[in-house]
Amino acid sequence: MGLFNRCEAYLRSDSVAIVSLRGTVNQLPSWLENFYSGMVPANGSMKLNDSTTYNYHLANNPNALVHVGSLIGTGFLSRQYEPYLEAPLNRGIRSVIVTGFSQGGALTFLNTSHVYYKYSSSYPGLQVKAYAGAAPKPGNLYYAYDFDHITANGWGYRVVNTADWVPETPVSVQTVNDFVDINPITDAKATINKQKGATRIALKHIYNRMDKASYKAMKTLTKHLGRDVGKQEKRFCRSCKHRHLPTAACT
Amino acid sequence: MTAGNPVVLMADSAYHATFESPGANVSYHHMYQPYRYLLQKQYALK
């Protein structure tokens with residue numbers, strides 16, 4: 001299915017529904033999911049195959065972005081486990097654990113958000129708990145804020161070995177535009193222009209170097225880890241042969 | 001950006017003495033065994 005994503009869903013004896021997500025396997029499509037780390041909005045829709053569209057809402061913050069590879073995995077996986085999750089929910093069970101290791105850890109974040117936002121209003125009292133082991137980064141800061149908010153008070157954990165490189169991936173960069181609306185960084189040029197003579201020239205030089213370097217790094221990452229990997233991903237998806245790109249952002 | 005409450009498994013000198021990195025396997029510290037070792041040692045995992 002998709003990029004070799006698999007999961008298991010089962011009901012524990014103490015009435016806790018558990019969704020366990022598989023990590024990377026030794027197949028190229030599975031690795032492509034890890035490297036396909038372009039950032040896309042956390043809300044929108046994506047065509048998974050000719051007959052299936054994945055409508056997703058993974059964060060309330062409109063600035064939240066998630067890695068597209070993990071999003072594709074979440075799209076395919078959610079279709080697989082949802083029938084097995086809805087059955088216990090319809091029987092009154094309200095405790096759900098989402099867990100996974102490695103790639104499954106990154107998918108744990110997104111699938112926790114998916115389950116929370118899809119079911120919390122129709123199943124009042126639903127409590128989703130996340131255990132992400134050795135997980136890569138799932139998205140940008142605003143997605144992380146949203147995830148930490150919906151799992152506040154001890155409902156979302158990530159387990160990390162400090163010698164492990166995987167939780168440090170995918171490679172990311174912050175530009176001067178990646179701040180909340182009101183900040184002194186994005187429009188620093190206005191402040192710099194108020195300075196005098198040599199100070200203004202020196203500060204402008206430093207700011208421009210930081211701005212251009214980070215912007216160039218972002219463009220490079222977008223090209224190679226977004227567009228280029230995306231072209232390969234469509235060749236290897238086991239469910240279809242087209243690129244999985246968000247078609248529209250929904251509100 | 002990462003997310004979630006961190007459960008940090010600190011790879012200290014004792015850990016590195018136990019799990020010396022073999023050059024060929026770059027994912028050595030990503031395996032279950034190092035994680036299990038640190039969870040047992042630092043979080044009393046049974």
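## Arg227(A) and its patch

Let's start on helix α6 of chain A, which covers residues 197-236 and is where you'll find Arg227(A). Keep in mind that this is a predicted model. Arg227(A) has a relative accessibility of 45%, so it counts as partly exposed; the cut-off for exposed is over 50%.

Arg227(A) also belongs to a positive patch on the surface. Its partners there are Lys219(A), Lys231(A) and Lys234(A).

## Glu82(A), tucked into chain A

Now over to helix α2 of chain A, residues 68-90, which holds Glu82(A). Is Glu82(A) buried or exposed? With a relative accessible area of just 11%, Glu82(A) is buried, because buried here means under 20%.

So who does Glu82(A) touch? Setting aside neighbours within four places in sequence, Glu82(A) is in contact with His114(A), Lys118(A) and Tyr119(A). As for Ala64(A), that residue sits 18 residues from Glu82(A) in sequence, and the C-alpha to C-alpha distance between the two is 24 Å.

## A look at chain B

Chain B is made of 46 residues, and 28% of them count as buried. Its secondary structure consists of one strand and two helices, and reading from the N terminus the order is β-α-α.

The C-alpha trace of chain B spans about 30 × 30 × 20 Å along its principal axes. Chain B exposes about 3000 Å², with 60% of that supplied by carbon and sulfur atoms. Take the contacts in chain B between residues at least 6 apart in sequence: 39% of these join residues at least 24 apart.

Technical notes
Residues are numbered from 1 along each chain as its sequence is written. Chains are lettered from A and ligands numbered from 1 in the order in which they are written. This is a predicted model: local features need pLDDT of at least 70, side-chain atom pairs count only at pLDDT 80 or more; totals for chains, interfaces and linings use all residues. Side-chain values use heavy atoms; hydrogens and water are left out. Patches are made of residues with over 30% relative accessible area and no salt bridge: like charges are joined within 9 Å, nonpolar side chains (Val, Leu, Ile, Met, Phe, Trp, Tyr) within 5 Å. Accessible areas come from the Shrake-Rupley method with a 1.4 Å probe; for residues, only the protein chains shown count as cover. A salt bridge is a side-chain nitrogen of Lys or Arg within 4 Å of a carboxyl oxygen of Asp or Glu. Lys and Arg count as positive and Asp and Glu as negative; His and the chain ends are not counted. The place of a charge is taken as NZ of Lys, CZ of Arg, CG of Asp or CD of Glu. Helices (H or I, at least four residues) and strands (E, at least two) are DSSP runs, numbered from the N terminus. Buried means under 20% relative accessible area, exposed over 50%, partly exposed in between (1.4 Å probe, protein chains only). Contact means heavy atoms within 4.5 Å.
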